[in-house]
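Let's take a walk through this one together, starting with the whole chain and then stopping at a handful of residues. Have the viewer ready.

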Amino acid sequence: MHLFQHQQIKIYNSLTGEKETFKPINEGYVGMYVCGPTVYSNVHLGNVRTFMSFDMIFRYLKHLGYKVRYVRNITDAGHLENDADAGEDKITKKARLEQIEPMEVVQRYTVDFHNILNTFNFLPPSIEPTATGHIIEQIELIKSIIDNGFAYEVNGSVYFDVHKFNETNDYGKLSKRKLDDLIHNTRELDGQSDKKNPQDFALWKKAEPQHIMRWPSPWSDGFPGWHLECTAMSTKYLGEQFDIHGGGMDLKFPHHECEIAQNEAAKGKSPVNYWMHANMLELNGQRMSKTTGNTVNPDELLSGNNKFFSKAYGPSVIRFFNAQSSYRSVLDLTDDGLLASEKGFYRLMDAVNLLDGLKASETSTIDVNTWKQKCYDAMNDDFNSPILISHLFEASKYINQIKEGSETLSAEDLNLFKTTINIFVFDVLGLENASKSDSGTDKLSGAVDILIKLRQEARANKDFALSDKIRDELAEVGIQLKDGKDGTTFSVN
Ligand code: AMP
Ligand code: ZN
């Protein structure tokens, strides 16, 4: 057993609603599955937040010495519009609109997803399986569910029989819904459905003639239901029962509820010991949504080219901002919040960059072991990164005190202190080193601010030729000035 596995982690389990002591199925090993993106458009920052939280959890488990098999899928088939059981496949729709092949859509947005994750310093998962690569496994699962009496075929489509399942199992146990309430609250939309009951969900859909993404099956040429792929891929790579399953809060129902039902119906086992749900990202107090336009994508935030924020923010600042609240809290993305995080991030980095120059003394006036355990305790408490960061700020205060000579550390303690800071700042939080003075974007913004001031002076002197020249020539090199009621801001293309 690795040195650090004695650290007892508690995980908030959405299934029980309690923080539970984490005990992996196989000592020393962790199996973790996180629902990945549907690759039909650019990932938005909400997606990034969820994956970032699980990246930090993955990093911490690895640091503790667990052998983690982290599976994060790519949804490249079967996810219909509005998460429904009828309508067009999200990927096919995009392909039709852009007049390209569905697999071109998949390729384009998978590449975009990976680029974004690299920019934000994500660790790659151990396996990144695709839905289209696991059609056979999904068909086999459907056969088992039918054989066990929990699914039925109608006109080439197969549906999961939720009512039948609920006679012996508990449909709704994760999302705390009762089937009776679901029945009461379901509107029958058109009465055209083949389903026995509106609560039933599709395992296999027969493809309409125009539906391009289709595979042969015992029931029809068609495609799998969206919930099925995660059951097929998680059990294939992690076993019929595994340790952790994560995703965003919005997936709890119906997606994760259906995953549990499928697994219980096919294998008679509840698949997951710890269900973890990351909370939503908001933008200026409102849910991020592409349809209302209240959304900003990662590139726009990184370049400053957006209508919401006063400047560009670096990837580590955004990671730091995310880690400053618990993965279970709603996080509101605001300019004030990002500015504060940026300040905090550089304050921490400036302290970290002093570490190498610190000199050891004969004795220690700081109890490094106690401080170090506080860092572990924070992460052990359901990955409480905001508390961890408060201890890292305490450490940066110590760093400055040691530099000034008002506190001292022995050589051994200084070593431990440095190692622990590096572990938490870089390995666990996944931040990348930076200092305010060497940040290119900050130098650029300093320089543009000077030009904005000169332009204001030119305008005040009625020298409009000069003020326009400054604006136009900046535009030529890709820097757009925007005059607003609170002054002039800029964005970089
Ligand atoms: P999707 O591509 O829509 O299937 O979503 C991929 C992941 O991002 C899922 O785990 C979602 O729960 C998560 N997600 C979607 N929207 C948000 C949001 N606004 N905030 C946080 N996570 C989100
Ligand atoms: Zn999933």
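Start with the outside: the accessible surface of the protein adds up to about 22500 Å², and 48% of that belongs to carbon and sulfur atoms. Keep in mind that what you're looking at is a predicted model. Computed along its principal axes in the computed coordinates, the C-alpha trace spans about 75 × 65 × 35 Å. Inside that outline there are 16 helices and 15 strands.

Of the 493 residues, 52% are buried. The contact pattern reaches across the sequence, too: take the contacts between residues at least 6 apart, and 73% of them join residues at least 24 apart. As for charge, there are 54 positive and 69 negative ones, and their mean positions sit 2 Å apart.

Now for a first stop. Which residues carry the "binding site" feature in UniProt? The record, an unreviewed entry, puts it at C35, C230, H255 and E259. These positions are spread over 225 residues of sequence, yet they cluster in space, with a largest C-alpha distance of 11.1 Å.

Zoom in on C35, which you'll find in the loop between β3 (29–34) and α1 (45–63). Is C35 buried or exposed? It counts as buried, because its relative accessibility is 6% and the cut-off for buried is under 20%. Leaving out residues up to four places away in sequence, C35 touches F51, N73, C230, H245, G246, L251, H255, H256 and E259. Check that list against the UniProt positions: C230, H255 and E259 are among the residues that C35 touches, and the record names them alongside C35.

From there, hop over to H255, in helix α8 (residues 252–267). H255 is buried as well, since its relative accessibility is just 1%. Beyond residues up to four places away in sequence, H255 touches C35, W226, H227 and C230. One of these, H227, gets a polar contact: its side chain pairs with the side chain of H255 at 2.9 Å.

Stay on helix α8 and slide along to E264. What does this acidic side chain pair with? The side chain of E264 makes a polar contact with the side chain of K173 at 2.6 Å, and another with the side chain of S270 at 3.3 Å. E264 counts as buried because its relative accessible area is 9%. Setting aside neighbours within four places in sequence, E264 is in contact with F165, N169, K173, K269 and S270. For a sense of how the chain folds back here, look at I145: it is 119 residues from E264 in sequence, but the two C-alpha atoms are 9.0 Å apart.

The last stop is D112, in helix α3 (residues 102–119). With a relative accessibility of 14%, D112 counts as buried. Apart from neighbours within four places in sequence, D112 is in contact with N42 and V43. What does the side chain of D112 meet at V43? A polar atom of that side chain lies 3.4 Å from the backbone nitrogen of V43. So here the partner on the V43 side is a backbone atom, whereas E264 reaches the side chains of K173 and S270.

Note on methods: Residues are numbered from 1 along each chain as its sequence is written. Chains are lettered from A and ligands numbered from 1 in the order in which they are written. This is a predicted model: local features need pLDDT of at least 70, side-chain atom pairs count only at pLDDT 80 or more; totals for chains, interfaces and linings use all residues. Side-chain values use heavy atoms; hydrogens and water are left out. Helices (H or I, at least four residues) and strands (E, at least two) are DSSP runs, numbered from the N terminus. Buried means under 20% relative accessible area, exposed over 50%, partly exposed in between (1.4 Å probe, protein chains only). Contact means heavy atoms within 4.5 Å. Accessible areas come from the Shrake-Rupley method with a 1.4 Å probe; for residues, only the protein chains shown count as cover. Lys and Arg count as positive and Asp and Glu as negative; His and the chain ends are not counted. The place of a charge is taken as NZ of Lys, CZ of Arg, CG of Asp or CD of Glu. UniProt positions are given in the numbering used here, feature names are shortened, and annotations may be inferred rather than shown by experiment. A polar contact is a pair of N or O atoms within 3.5 Å; within protein, one must be able to donate a hydrogen and the other to accept it, and residues adjacent in sequence count only if both atoms are side-chain atoms.
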